[in-house]
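Hi,

Here is the structure I promised to pass on. Have a look at it first, and my notes follow below.

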Amino acid sequence: MSERKQFRAIKGTRDILPPDSALWNWFEHTAREVFESYNFGEIRLPTFEETTLFARSIGLQADVVQKEMYSFPDHGPDAVVRTEEGGLIAIEIKESLRLSDNEMRAQLQQYVEVLDQSLSRRGASEFVSLRPEATASVCRAYIEHNMQALPGNQKLYYIGPMFRRERPQKGRYRQFYQIGAEVLGQSDAPAIDAEVLEMLLVFFNRVGLTRTTLYVNSIGDKNCRPQYVELLREELRKVKDKLKEDSQRRIETNPLRVLDSKIPDEQPIIEKLPRISDHLCEDCRAHFAKLKEELNLRRIDYKENWRLVRGLDYYTRTTFEVTAEGLGSQNAVCGGGRYDGLVELLGGPPTKGIGFAIGTDRSILSIEESGNAPKLGGLAVYIAWMGQASYPTAVNIARKLRAAGLSVELPPEEMKFKKSLGLADKLGARYALIIGEDEVASRTFTLKRLADGDQKKLAEGELLEYLESERRR
Ligand code: ATP
Ligand code: MG
């Protein structure tokens, strides 16, 4: 007899179980309420897109694109998966297949060749990736649906999972969840940036994520950033020997990212580097100054952080990040910024854009650690029925209470009274409704409040009224 494999969720992914899932639903529901009060509408997007969409928008040099995307050729399933002695072998296409088993390797090689053929036949654009973020998809959809023809700015929000192959740790997963919002249109007024930030902080406040800090910066635009990046590169080359490998590489590929470094030894060096705020063009300087005015008007607290550059290529001018307490080093709960050239880069019309993405996993961790998590839902009524003659009444009453919006547990099989009440307790029910043959005969039921054992005899008609008045208390 073959031993059965014990399946586990893939590293970096996890299940969100009740009662945690109630907290997640509440968090997402609150986001919908707040965002809709700012006239944002939900956009539901695919979870995978052409790989080139992400490569083009996020940038080839970004870690997300270089190392973290789950990409695969999108061909018929026959070529990727084959059944072998009852087990499935799935293959991942990489330049270097790191396999020790020769036989496996030969077999996979064969698959790879089949794949290569089907790929070259159908073109490389049939490489798809699980989305590592959603801004690229929103822009793709904006172009595809000709949304620039719609009146006013397009204000869209999305909720859903993202995928990045990172090293899993507290607050960092390979499937994680974001809630994001984007404003796309013809205007780049700083008031838009400020309103987006106001909405974000109103939401955080509403969900009790209050020990947060908002950092803002401006990283210039295509007129001033290239010169600054060149200057930064020159200065970095002078101190190259003192930097670690990652930063050394970034001097050539993406010098702005060096500013992101958390390596202690590099900090004194970075502090002496030229700052973008001294090199913004007149328009960017004015935009940033106006943004700060708008933030003050809205009484939004923020800190300027000249090193906040964000990892993705597409940002221009305003960038921001919100950090929260209780999360250790993975403390960013939201990142965002302006991306004025992105729609054009993806083949659309000239369009301004700004948005953010909230990390739901980390936000919820922080809310839980601060003790601000609300008590949600829970079982209201457990129906302790006894005797087959009372069962039809129990079924009937359960349905009525449920129709009134109460959460009701009706045991599917008859239980001994003591055991039944014991289970009601363990399930955390607020009330046990006792229905025995006497109760059915007299049409009055005993409602027991489990917290203190208080009991009331109520007629069926009074029952609902009483439970509802209790719920309002
Ligand atoms: P970090 O610097 O923490 O890696 P990031 O700059 O890569 O974040 P963004 O791409 O701006 O993050 O995504 C916005 C938010 O999504 C982050 O602030 C964070 O809360 C969340 N997030 C990003 N990557 C992960 C992940 N692997 N696991 C959980 N949450 C994540
Ligand atoms: Mg990251």
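A term you'll need straight away: a polar contact is a pair of N or O atoms within 3.5 Å; within protein, one must be able to donate a hydrogen and the other to accept it, and residues adjacent in sequence count only if both atoms are side-chain atoms. By that rule, a polar backbone atom of Tyr173 sits 2.9 Å from a nitrogen atom of ligand 1. The protein buries 85% of the 580 Å² that ligand 1 exposes when taken alone (areas come from the Shrake-Rupley method with a 1.4 Å probe; for residues, only the protein chains shown count as cover).

Before going further, some housekeeping. This is a predicted model, where local features need pLDDT of at least 70 and side-chain atom pairs count only at pLDDT 80 or more, while totals for chains, interfaces and linings use all residues. Residues are numbered from 1 along each chain as its sequence is written, chains are lettered from A and ligands numbered from 1 in the order in which they are written, and side-chain values use heavy atoms, leaving out hydrogens and water.

Back to ligand 1. Two side chains also make polar contacts with it: Glu166 has an N or O atom 2.6 Å from a ligand nitrogen, and Arg172 has a polar atom 3.0 Å from a ligand oxygen. In total, 15 residues surround ligand 1 (that is, with a heavy atom within 4 Å of it). Which element gives the largest share of that shell? It is β12, with four residues. Strands here are DSSP runs of E, at least two residues long, and helices are runs of H or I, at least four, numbered from the N terminus.

Thr319 is worth a look too. This residue lies in strand β11 (residues 316-324) and counts as buried because its relative accessibility is 0% (buried means under 20%, exposed over 50%, partly exposed in between; 1.4 Å probe, protein chains only). The Thr319 side chain reaches the backbone oxygen of Leu308 at 3.1 Å. Asn223, in the loop between β9 (212-218) and α8 (225-238), counts as partly exposed because its value is 47%.

Finally, confidence. The average pLDDT (the predictor's confidence in each residue, from 0 to 100) is 89, and 88% of the residues score at least 70. Residues 118-125 stay under 50. Where pLDDT is low, the predicted coordinates should not be read in detail.

Cheers

Terms used
Contact means heavy atoms within 4.5 Å.
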